[in-house]
Amino acid sequence: MKKETRQFVIYSRKSKFTGKGESIENQIELCRQYISVHFSQEEADAALVYEDEGFSGGNLERPQFKKMMKDSQKTKFTAIVVYRLDRISRNIGDFAKLIEDLGDRHIDFISIREQFDTSSPMGRAMMYIASVFSQLERETIAERIRDNMHELSKTGRWLGGTTPTGYESESISNVTVDGKVRKACKLKIIPEEISLVQLIFEKFLETGSLTKVDAFLLEKRYTTKRGKNFTRFAIKGILTNPVYMIADEAAYGYLTENHVDLFAEKSDFDGKHGIMAYNRTLQRPGKAHQIRPMEDWIVSVGKHPGVIPGQQWIQVQSMLEVNKSKSYRRPRSNVALLSGLLVCGDCGDYMRPKLTNRHAANGELIYTYMCSTKERSQSSRCQMKNANGNTLDAKVISEIKKLSEDRSFFADFLAQTKKAISGNREGYDAELLTLKEKLAENESSIKALVSSLTKSAGTSAESYIMEQIQELHQTGEDMKNRLAELETLTEHQRFADQEFAFSRQMIESFAANVDDCTVEEKRRLLRAIVKKVVWDGENAWVYLFAGEGEADLPPFDAPKVPLSEDSE
C-alpha cells in the first residue's frame with residue numbers, strides 16, 4: 001500500500017528587508033534540509049512556504065502568517081517548521097495560544113535551531129520555557145530603553161522627533177550620560193514661527209475660544225510648519241505644550257503642585273529657559289496619541305529659551321479646562337444623507353449639515369449644508385452658498401433612481417463606464433500570449449546553446465557561446481518581469497469587472513429599495529454607490545464608483561437657500 005505523503009509547512013520571518021544574516025532564503029533552505037534529513041526529500045520538496053519580510057515578532061499581525069493559519073483550517077498540515085522559535089512570535093501569550101490551537105488540530109510545531117518538537121511532551125515543555133525567555137529578553141530591552149530615556153531627560157536636551165512649532169533642532173556639544181558620551185541637541189527658536197505661537201496664546205487669552213482663534217488664523221491665512229491650515233486640534237496642541245512655558249517661579253509651583261517627576265532644582269527656574277516634558281503622550285500604533293496624567297511626566301528645565309510666562313501658560317490651561325467642562329457638542333443631524341460625501345466646489349472642504357429650528361409642511365426638520373471652511377473662517381476664506389439639505393438629498397436619490405428607470409440611458413451609461421474600467425484588457429491578453437511564446441523560444445535557444453557548450457569546451461567558441469547565453473538569459477529575465485507586470489494588470493482588471501458588476505447590482509437594488517429604507521440604511525446605500533458629490537453653488541455633481549473608471553452623473557440644479565439664511 002502506498003504510504004501517505006505528509007504535508008509540511010515552512011514559515012520564515014525577518015523584521016527588515018536585508019540580504020544579510022538569517023535571510024528568508026537561508027531560513028527556508030535550512031528548514032527544507034531538516035525535513036529532508038528527518039523525514040524525506042520528497043516531503044521536503046513538497047513543503048509549503050509562507051514568508052513575511054519586514055514584520056516584527058512582537059505580535060501575529062502578519063499577512064502570510066494569517067494566510068498560513070487560514071490554510072491550516074482547509075489543508076491537513078503535519079507540522080509547521082521554523083528556523084528559530086522567535087520567527088513565530090516573541091510574545092508568550094500569542095505563542096501559548098498558537099501551540100494550543102495547533103495541538104488541538106494535531107499539527108506539530110518544530111523549531112530546528114532550538115531542536116524543539118511539540119510531538120513529544122518534553123518538546124512542548126521546553127518550547128514554553130524558551131518562549132518565556134524570548135519574551136523576557138524583549139521586555140528587558142524595552143525597560144532598558146525607558147530607563148535610558150529617564151536618564152537622558154535629566155539633561156534637558158531635545159531627544160529628537162518632530163520639533164514643536166517655533167523651534168528647530170540644533171546640535172550642541174556632547175554630554176556624558178551614565179558614563180557614556182552622547183551627541184546632544186537643543187531647540188533653537190525660529191523667529192517667524194515663535195511669533196505666531198505667541199500670537200496664538202495672545203488671541204486665546206483675549207477671546208477664550210479655540211473656535212475664534214481658529215477663525216482668526218484662517219482669516220489671516222496663517223499656516224502650520226507644513227503649509228496646512230491650522231485645526232482646533234493643532235491649536236490646542238500648541239496651547240497645552242509646556243515647551244513654551246518660561247521656567248520661572250510660577251512654573252515651578254505649578255509643576256510641583258501637580259506632582260510631576262521633576263529633575264531640576266528651584267534655582268534652575270531662572271525665568272529664561274523653557275520646560276522639557278518627557279513621557280507626556282501615550283503612543284500606540286493605529287490609535288490617536290493620548291496625554292498622560294501629569295504625575296507620569298518626566299520634567300526638566302530645557303536648554304532652549306521659553307516664550308510664554310509661567311502665569312500666562314497656567315491661565316491658558318485653566319481656561320481650557322473650563323471650556324472642556326462646558327463644551328457644547330453640536331447635535332448630529334439624524335436626517336442628512338450626504339454628510340461625508342458632499343464637497344465644496346470652491347475650497348474642496350467638506351460641507352456639513354446644520355440643523356434649523358424650523359420644520360417643513362410634512363413635519364421634516366429643515367437643514368442646510370454649509371462649507372466647513374466657510375463656517376470656521378466666518379466666511380473670510382470661503383463664500384460658498386449654502387445648499388438646501390432636504391432638497392439636495394432628495395434630488396441625489398431621484399437622479400440615481402433614474403439611472404435604472406431609463407433603460408436605454410442606463411445601458412449606455414454602464415457601457416461607457418465598463419469601457420473606462422476595462423481599459424486595454426484585450427491588448428494585455430494579446431501581449432501576454434505573444435510574450436509567453438517568445439519566452440518559450442528564448443528558453444529553447446538557451447538549452448540548445450548549453451548543449452553545444454559541452455562540445456565547445458576549451459575552444460575559442462566557448463566564450464562566444466557563454467556571451468550569447470548571458471544575453472538570452474537577460475532577455476528572458478526582462479520578458480519574465482513584463483509577464484509578471486501584465487498578469488498583475490489583467491488580475492486588477494478582473495477585479496475591476498467584478499466591482500463593476502457589483503456596482504450595477506447596487507444601483508438597481510438602490511432604485512428598487514431606497515424608498516422603503518430608514519435614514520441610516522439610505523446613508524449606507526449611498527456610500528456604497530457614490531464616491532462624492534460636489535456642490536458649486538448652482539449645481540450638484542454626483543460621482544459614482546471609486547478609483548479608475550469613475551463615472552459621473554450630469555449636473556443637476558438643486559435650489560439654494562434664501563440669502564438671509566445663507567448669511568447666517
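Mentor: Let's start with a word we'll keep using: a contact means heavy atoms within 4.5 Å. What you see is a predicted model, where local features need pLDDT of at least 70 and side-chain atom pairs count only at pLDDT 80 or more, while totals for chains, interfaces and linings use all residues. Residues are numbered from 1 along each chain as its sequence is written, and side-chain values use heavy atoms, with hydrogens and water left out.

Trainee: Okay, of the contacts between residues at least 6 apart in sequence, what percentage join residues at least 24 apart?

Mentor: Here we set aside pairs of residues less than 6 apart in sequence. Among the contacts that remain, the share joining residues at least 24 apart is 64%.

Trainee: And what percentage of the protein's residues count as buried?

Mentor: Buried means under 20% relative accessible area, exposed means over 50%, and partly exposed is in between, using a 1.4 Å probe and protein chains only. Out of 568 residues, the buried share is 40%.

Trainee: How many helices and strands are there?

Mentor: Both are DSSP runs numbered from the N terminus: helices are H or I with at least four residues, strands are E with at least two. Counted like that, the protein has 17 helices and 20 strands.

Trainee: Which helix gives the most residues to the largest nonpolar core?

Mentor: A nonpolar core is a set of buried Ala, Val, Leu, Ile, Met, Phe, Trp, Tyr and Cys residues joined through side-chain atoms within 4.5 Å. The largest one here has 44 residues, and Ile 200, Phe 201, Leu 239, Tyr 244 and Leu 255 have the most contacts inside it. Elements giving it two or more residues include helix 7 (210–219), helix 9 (249–257) and strand 12 (298–305). The top contributor, with seven residues, is helix 6.

Trainee: Which residues does Phe 201 touch, if I skip those up to four places away in sequence?

Mentor: Phe 201 is one of the residues with the most contacts inside that core. Skip its sequence neighbours, and its partners are Ile 238, Leu 239, Tyr 244, Ile 308, Trp 313 and Val 316.

Trainee: How many residues of helix 7 are buried?

Mentor: Go along the helix and you'll find Leu 210, Val 213, Asp 214, Ala 215, Phe 216, Leu 217 and Leu 218 buried. Helix 7 is mostly covered, then, and its buried count out of ten is seven.

Trainee: How does helix 7 sit relative to helix 8: roughly parallel or roughly perpendicular?

Mentor: Axes are lines fitted to C-alpha atoms, for helices over the stretch in contact, and angles run from 0 to 180 degrees between N-to-C directions. The two helices pack at about 110°, with axes 10 Å apart. Under 35 degrees is roughly parallel, over 145 roughly antiparallel, 65 to 115 roughly perpendicular, and the rest oblique. Therefore helix 7 and helix 8 are roughly perpendicular.

Trainee: Why is Cys 382 in no bond with Cys 344, the closest cysteine by sulfur?

Mentor: A disulfide is a pair of cysteine sulfur atoms within 2.5 Å, and a search of the whole structure finds zero of them. Cys 371 is in none either, with the sulfur of Cys 347 as its nearest, 3.4 Å away. Cys 382 is buried at 0% relative accessibility. It has no bond to Cys 344 because their sulfurs are too far apart, at 3.7 Å.

Trainee: Which side chain makes a polar contact with the side chain of Lys 401?

Mentor: A polar contact is a pair of N or O atoms within 3.5 Å; within protein, one must be able to donate a hydrogen and the other to accept it, and residues adjacent in sequence count only if both atoms are side-chain atoms. Lys 401 sits in helix 12 (residues 389–405) and counts as buried at 16% relative accessibility. Beyond its sequence neighbours, it is in contact with Phe 510, Ala 511, Val 514 and Asp 515. The polar contact, at 2.8 Å, is with Asp 515.

Trainee: Last one: is His 259 buried or exposed?

Mentor: His 259 lies in the loop between helix 9 and strand 8 (261–262). Its phi is positive, near 60°, in a residue other than glycine. With a relative accessible area of 61%, His 259 is exposed.
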